[in-house]
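Me: I am new to reading protein structures, and I would like to understand the words people use for them. Could you take me through one, giving the reasoning behind each label?

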Amino acid sequence: MSVSGFLARRVFFGVPILRLRVAANFLWRNRHRIEPGYAGRVAFVMTASLFGAAFAPIDRYAFGRAPDRLDWDGPVLFILGYWRSGTTFLHELIAQDPQFVTPSLLDANVAPCHSVGRALAPFVAPFLPGDRGYDAMALDLAGPWEEEGMLFSLTGTSPYQAAAFPQDFRDFDAMLDMRGLPETVIRRWRQAYVTICHRLTRGRGQTLLFKSPPAAARLP
């Protein structure tokens with residue numbers, strides 16, 4: 001495996017820039033369970049999160065302050081379905097229609113520093129693997145991606161924490177339907193969703209397109 005291939009698969013891919021508070025809490029809570037072989041990835045997570053924190057103020061200038069809630073009658077299209085049921089392919093197809101705006105793979109990985117992260121796309125692209133690793137779906141930084149990645153990066157409230165610590169998968173079940181979570185956690189999660197919608201639609205007349213299997217558990 002080449003150096004770039006090693007960095008792509010073992011360090012960069014699948015490790016989004018997390019909001020600094022989220023990264024610190026996540027790693028501190030699991031500090032006794034991180035194996036030495038993952039030290040490089042942990043270092044990258046913290047370095048990327050510090051980078052995101054340093055450039056986060058630019059987003060407030062570029063996008064403006066997100067409102068506390070969104071009051072508009074425009075449609076939002078959600079693609080719902082269980083994992084491995086074909087939702088990604090359907091997302092790819094519908095996203096070809098220019099009337100829709102949807103988070104990209106890049107957006108999902110640079111949520112805390114959205115504007116600067118987008119500017120860095122040409123430097124990140126060479127380290128992107130050709131496919132997702134567990135199937136043959138090609139990866140493209142500009143291609144559609146789940147908003148759950150952005151919610152995870154901004155709040156940490158996501159069942160996708162299990163991607164890092166799969167033995168604790170059941171501990172993250174509450175983050176699927178949000179039932180039983182503290183109201184402060186739910187408010188923070190809702191505000192992150194509003195922020196995502198605000199940034200994706202600001203200055204555009206497009207319809208929001210979201211795809212996330214966890215959304216099926218949040219229908220109520």
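Reply: Happily! Let us start with how elements are named: helices, of at least four residues, and strands, of at least two, are DSSP runs numbered from the N terminus. With those numbers, Ala125 can be placed in the loop between helix 7 and helix 8. Please keep in mind that this is a predicted model.

Me: Why is Ala125 called partly exposed?

Reply: Partly exposed is the range between buried, under 20% relative accessible area, and exposed, over 50%. Ala125 has 36% relative accessibility, so it counts as partly exposed. As for its surroundings, the C-alpha atoms of Ala125 and Leu106 are 9.5 Å apart in space, while the two residues are 19 apart in sequence.

Me: What makes Asp59 and Arg199 a salt bridge?

Reply: The cut-off asks for a side-chain nitrogen of Lys or Arg within 4 Å of a carboxyl oxygen of Asp or Glu. For Asp59 and Arg199 the N to O value is 3.2 Å, so the pair meets that cut-off. This pair links distant parts of the chain, with Asp59 in helix 3 (residues 39-63) and Arg199 in helix 10 (residues 183-201), 140 residues apart. Asp59 and Arg199 are both buried.

Me: How many salt bridges does the structure hold?

Reply: There are four. One of them joins Glu146 and Lys211, at 3.1 Å from N to O. Glu146 sits in the loop between helix 7 (121-124) and helix 8 (148-155), Lys211 belongs to strand 3 (residues 207-211), and 65 residues separate them. Both Glu146 and Lys211 are buried.

Me: Arg118 and Asp107 form a salt bridge too. How do you know whether Arg118 is buried, exposed or partly exposed?

Reply: First the bridge: the closest N and O atoms of Arg118 and Asp107 are 3.0 Å apart. Arg118 is in helix 6 (residues 114-119) and Asp107 in helix 5 (residues 105-109), eleven residues apart. Now the accessibility: Arg118 has a value of 31%, so it counts as partly exposed. Asp107 has a relative accessible area of 3%, so it is buried.

Me: Why is helix 2 called roughly antiparallel to helix 3?

Reply: The axes of helix 2 (residues 20-29) and helix 3 cross at roughly 155 degrees and come within 8 Å. Angles over 145 degrees count as roughly antiparallel, so these two helices earn the name. The crossing of helix 2 with helix 3 is left-handed. Among the residues making the contact are Leu20 and Leu27 of helix 2, and Val42 and Ser49 of helix 3. By class, the contact of helix 2 with helix 3 has nine nonpolar residues, one polar and no charged.

Me: What makes helix 2 and helix 8 roughly perpendicular?

Reply: Helix 2 and helix 8 pack at an angle of about 80 degrees, their axes being 6 Å apart. The range from 65 to 115 degrees counts as roughly perpendicular, so the label fits this pair. On the helix 2 side the contact is made by Arg21, Val22 and Phe26, and on the helix 8 side by Phe152, Ser153, Leu154 and Thr155. Four of these residues are nonpolar, two polar and one charged.

Me: Why is helix 8 described as largely enclosed by the rest of the structure?

Reply: Eight of its eight residues are buried, so the description applies to helix 8. Glu148, Met150 and Phe152 are among these buried residues. Their cover includes helix 2, helix 5, helix 6 and helix 10. Just after helix 8 comes Gly156, with a positive phi of about 80 degrees.

Me: Why does a positive phi deserve a mention in a residue other than glycine?

Reply: Most residues other than glycine have a negative phi, so a positive value goes against that pattern. Here Arg84 has a phi near 65 degrees, and Met178 has one of about 70 degrees.

Me: Are Arg84 and Met178 buried or exposed?

Reply: Arg84, in the loop between strand 1 (76-79) and helix 4 (87-94), has 60% relative accessibility and so counts as exposed. Met178 lies in the loop between helix 9 (174-177) and helix 10. Its relative accessible area is 9%, under the 20% cut-off, so Met178 is buried.

Technical notes: Residues are numbered from 1 along each chain as its sequence is written. Side-chain values use heavy atoms; hydrogens and water are left out. Buried means under 20% relative accessible area, exposed over 50%, partly exposed in between (1.4 Å probe, protein chains only). Axes are lines fitted to C-alpha atoms, for helices over the stretch in contact, and angles run from 0 to 180 degrees between N-to-C directions. Angles under 35 degrees count as roughly parallel, over 145 as roughly antiparallel, 65 to 115 as roughly perpendicular and the rest as oblique. A crossing is left-handed if the near helix is turned anticlockwise from the far one by less than a right angle, and right-handed if clockwise. Contact means heavy atoms within 4.5 Å. Ala, Val, Leu, Ile, Met, Phe, Trp, Tyr, Cys and Pro count as nonpolar, Asp, Glu, Lys and Arg as charged, and the others, Gly among them, as polar.
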